[in-house]
Amino acid sequence: MSARCAIVTGATRGIGRRSAEALAERGFPVALCGRTASAVSAVADELTERYGVATYGQAVELRDLDAARRFVDAAREHLGPVAVLVNNAAELGPVGALHRVDPVAWAATLHLDVAVVAALSAACLPDMLDAGWGRIVNMAGGGVGGPSMAVGVSAYTTSKLAVCGLTEALGNELDGTGVVVVALAPGTIGTGFMAGAIDAAGFPGADRLRAMAEAQGQKTKAAELVGLPSYQTLSNWLAKYKVGTGWQGS
Ligand SMILES: NC(=O)c1ccc[n+]([C@@H]2O[C@H](COP(=O)([O-])OP(=O)(O)OC[C@H]3O[C@@H](n4cnc5c(N)ncnc54)[C@H](OP(=O)(O)O)[C@@H]3O)[C@@H](O)[C@H]2O)c1
């Protein structure tokens, strides 16, 4: 068993997958999850094969907070105490004007995108505090904090604003402990995450989202994620920020 591991949620594709790869590349044993069992084990096997690190993959519906905690416990059991947590899994949630979307779906998005982030952080923190070193990366996004917040995805933007608030509050709690929590807004990346919004018939924010995606040019292709400087330097991110939120490029 290795000394300490990294956990990446939602690592079956997109940004989470690339984050898991970046950590494996740097020698971290990696625990990863998603809801799709076949994809989870494929990524876990690939990381072990390519980087020679121990991996643990589990299919888990993170909305179930007990299951989320059991995933962390199992990761610890298989790979050792948790040193790094990348809270990546999230959903865009309902698309459309607030008065038209399903309030139950709206609340469910906040649950996955915020409450799960807090619960997983809480489950991992004892290991980090015991060791006096830990890194938690929370994925922000939605243009929150920037000049062009995404329109028509209010559950998502509200969630990401809350993630930034949680990051800052937790950062203050952790001051001086050696455990650092950051929020990262990776910018628009063509993982398919926003496809539902871009394709939604009559959705007023679609043109703006499409323009944001196209403005990223080459970088919007998921296959080229590996070439994004930000993902090549994940470990630098982990070391760089002391507290609070760090926006892309800052
Ligand atoms: N793409 C962008 O342009 C962009 C921009 C800013 C911020 N972000 C943020 O970056 C993160 C990743 O985005 P992405 O574009 O890489 O997303 P993605 O391609 O849709 O991947 C999402 C990952 O999360 C997993 N997942 C989703 N719901 C889950 C659940 N309930 N339980 C467990 N796993 C779940 C998915 O696997 P399964 O489907 O198998 O469960 C998948 O592995 C998100 O936090 C997103 O808000 C993305």
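Alanine 108 belongs to helix α4 in this predicted model. Its surroundings hold 16 other C-beta atoms within 10 Å, and alanine 108 is therefore classed as partly exposed. In space, the C-alpha of alanine 108 lies 8.3 Å from that of arginine 63, although 45 residues separate the two in sequence.

Alanine 20, found in helix α1, counts as buried because 31 C-beta neighbours lie inside 10 Å. The C-alpha atoms of alanine 20 and valine 8 are 6.0 Å apart, with the two residues 12 positions apart in sequence. Leaving aside residues up to four places away in sequence, alanine 20 touches Val8, Ala11, Val30, Leu32, Val43 and Leu47.

**The chain as a whole**

The protein chain contains 9 helices and 7 strands. Of its 250 residues, 44% are buried. Among contacts in the chain with a separation of 6 or more, 69% join residues 24 or more positions apart.

**Two helices**

The table sets out the dimensions of helices α2 and α5.

| Helix | Residues | Number of residues | Distance between end C-alpha atoms | Expected span at 1.5 Å a residue |
|---|---|---|---|---|
| α2 | 37-51 | 15 residues | 21 Å | 21 Å |
| α5 | 154-173 | 20 residues | 28 Å | 28 Å |

In helix α2, the buried residues are Val40, Val43, Ala44 and Leu47. Viewed down the helix axis, the buried residues of α2 fall within an arc of 100°, so they line one face of the helix. The face turned away from this buried side bears the exposed residues Ser38, Asp45, Glu49 and Arg50. The cover over the buried residues of α2 includes α1 (14-25), β2 (30-34) and β3 (55-59). Two of these buried residues, Val43 and Leu47, are among those touched by alanine 20. Just after α2, glycine 52 adopts a positive phi of about 70°.

For helix α5, the distance between the end C-alpha atoms agrees with the expected span. The buried residues of α5 include Ser154, Ala155, Tyr156, Ser159, Lys160 and Val163. Further along the helix, Cys164, Leu166, Thr167, Leu170 and Gly171 are also buried.

**Nonpolar cores**

In soluble globular proteins, nonpolar side chains tend to be buried together. Here the largest nonpolar core has 61 residues, and Cys5, Ile7, Val30 and Leu32 have the most contacts inside it. Helix α4 (residues 103-131) supplies the largest share of this core, 8 residues. Apart from this core lies another, of 7 residues, including Val95, Ala155, Tyr156 and Ala197.

Which residues does isoleucine 7 touch, when those up to four places away in sequence are not counted? The contacts of isoleucine 7 are Ala31, Val72, Ala75, Val82, Val84, Leu85, Val86 and Cys124.

**The shell around the ligand**

Around the ligand there are 31 residues, of which Gly10, Gly14, Arg35, Gly141 and Phe193 come nearest. The elements giving two or more residues to this shell are α1 and β2. Helix α1 provides the largest share, 3 residues. By class, the shell is made up of 15 nonpolar, 11 polar and 5 charged residues.

Helix α1 thus appears in several parts of this account: it holds alanine 20, it helps to cover the buried residues of α2, and it contributes to the shell around the ligand.

Key
Residues numbered from 1 in each chain as written. Predicted model: local features only at pLDDT ≥ 70, side-chain atom pairs only at ≥ 80, totals over all residues. Helix = DSSP H or I, 4+ residues; strand = E, 2+ residues; numbered from the N terminus. Expected span 1.5 Å × (residues − 1). Buried ≥ 20, exposed ≤ 12 C-beta atoms within 10 Å, placed from the backbone. Arc of directions from axis to C-beta. Contact = placed C-beta atoms within 7 Å. Near = placed C-beta within 6 Å. Nonpolar A, V, L, I, M, F, W, Y, C, P; charged D, E, K, R; others polar. Core = buried A, V, L, I, M, F, W, Y, C linked by C-beta atoms within 7 Å.
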